[in-house]
Amino acid sequence: MSRQEEDDAAEAREKSYPAHHARFPHIALPHVRFTRRQLEDRPLAGAPHPDHRLHWTLYGCEAVATAVLMCLGIATNTLLLTPASPVAGVLRRYPELQIALCGLCFGGSGTIAAMTPFGRVSGAHLSPSVTLAFALGRRIAPLDALGYALAQIVGACLGTAAMSLLGSLLPVWRGWVSAVHYVATVPAAGMPGLFVLCAELVATMGLILALYWAAATPRLHLVAPWIGGWYFFLMNPFVAGISGDSTNFARSFGPDLFSGDFSGLWIYILGPMLGSGLAVLLLRSNLMGVVRPVEARIVNFGHHGRVPKLGAPEAVGPAPEEVRAARSDRRS
């Protein structure tokens, strides 16, 4: 059978599986045709096509989603923290609640970023720590993991730059965001670096355990994108005063770049990386049961590891075994 005939067979098989909205099955989504390469290319399941090793759509969407995270996170946390803000003035009498709300808002910004079409296409890792965890779990190839990490760093810088540009247009905002150093995460003054590193390690480890568990459990898929906000709401009062509770190198690098302070950046490289690695090591030891996510996603599951279309991010094609069955039937 020629390649064209195989493509025709795959497309014919795909047409028998119309795409529908995940939450509203009676609503048909725009029809999406898959070529043979698209059906075989599953970068978010650790199996990229041999002739399609780079996935620029994924990297671009991940960069935009990370920029959304940073814009919303910096904006909300500036309102909560800067001394001139009336919101901060009210919360100043309740410092534990203030710092907890900072975690809720920054983590909730990740939820909003994940729900955008860009986050739904890329899977919304939004953090090198999350991407590293999926790479160690063999759900994303090393080359794609590198592409994601670089996209997250670029996206974090672009999001912080947008907040800086807003300050150029609004002098009041420039004063507010500068007063909190673009919500940079910095080690506590006088705190030993190793202690701060351990705080980031533990915080990242807990986050990865929660996200990985949700990504591997079908009944928790809808919960996965919401975990970040509540996790940081609970952890911030304990960790933010030590390290800033980053767990995300890209999130720390963007504000550091614009505030000009890189003195503690090494902590936000090593701490989250070690925490992510230890979390995956624990999960793969099966001490917590078998926890194996099918796809490298925090949102919009069910694509069999493939890259969704940006115009129809919930439209999916047939499962790989169904494609193979169709080809076997055609050959026989």
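Ser85 is buried (under 20% relative accessible area with a 1.4 Å probe, protein chains only; over 50% is exposed and in between is partly exposed), and its own relative accessible area is 2%. This is a predicted model, in which local features need pLDDT of at least 70 and side-chain atom pairs count only at pLDDT 80 or more, while totals for chains, interfaces and linings use all residues. Residues are numbered from 1 along each chain as its sequence is written, and side-chain values use heavy atoms, with hydrogens and water left out.

Ser85 is found in the loop between H3 and helix H4 (86-91), where helices are DSSP runs of H or I with at least four residues, strands are DSSP runs of E with at least two, and both are numbered from the N terminus. Leaving aside neighbours within four places in sequence, Ser85 is in contact (heavy atoms within 4.5 Å) with Thr78, Leu79 and Trp176.

A second buried loop residue is Asp41, with a relative accessible area of 5%, which lies between helix H2 (36-40) and helix H3 (56-81). Not counting residues up to four places away in sequence, Asp41 touches Ala47, Pro48, His49, His52, His55 and Arg306. The table gathers the side-chain distances for Ser85, Asp41 and Asn248.

| Side chain | Partner | Distance |
|---|---|---|
| Ser85, polar atom | Val87, backbone nitrogen | 3.2 Å |
| Asp41, polar atom | His49, backbone nitrogen | 2.7 Å |
| Asp41, polar contact | His52, side chain | 3.1 Å |
| Asn248, oxygen | Ala250, backbone nitrogen | 3.0 Å |

A polar contact here is a pair of N or O atoms within 3.5 Å; within protein, one must be able to donate a hydrogen and the other to accept it, and residues adjacent in sequence count only if both atoms are side-chain atoms.

Asn248 caps the N-terminal end of H12. Helix H12 (residues 249-259) has 8 of its 11 residues buried, so it is largely enclosed by the rest of the structure. These buried residues are Phe249, Ala250, Arg251, Ser252, Phe253, Gly254, Pro255 and Asp256, and what covers them includes H3, H5, H7, H8 and H13. After H12 comes Gly260, whose phi is positive, near 75 degrees.

As for the chain as a whole, it has 14 helices and 0 strands, and buried residues make up 49% of its 332 residues. Among contacts between residues at least 6 apart in sequence, 74% join residues at least 24 apart.

The largest nonpolar core has 40 residues, and those with the most contacts inside it are Phe134, Ile140, Tyr212 and Tyr231. Such a core is a set of buried Ala, Val, Leu, Ile, Met, Phe, Trp, Tyr and Cys residues joined through side-chain atoms within 4.5 Å. The elements that give two or more residues to this core are H3, helix H7 (128-136), helix H8 (142-169), helix H10 (193-216), helix H11 (227-239) and helix H13 (265-284), and H10 gives the most, with 11 residues. Apart from this core lies another, of 19 residues, among them Trp173, Trp176, Val177 and Val183.

Helix H5 (residues 95-115) and H11 pack at an angle of about 155 degrees, with their axes 7 Å apart; the axes are lines fitted to C-alpha atoms, for helices over the stretch in contact, and angles run from 0 to 180 degrees between N-to-C directions. H5 and H11 are therefore roughly antiparallel to each other, a label for angles over 145 degrees, whereas those under 35 count as roughly parallel, 65 to 115 as roughly perpendicular and the rest as oblique. The residues making this contact include Leu101, Cys102 and Gly103 of H5 and Trp230, Phe232 and Phe233 of H11.
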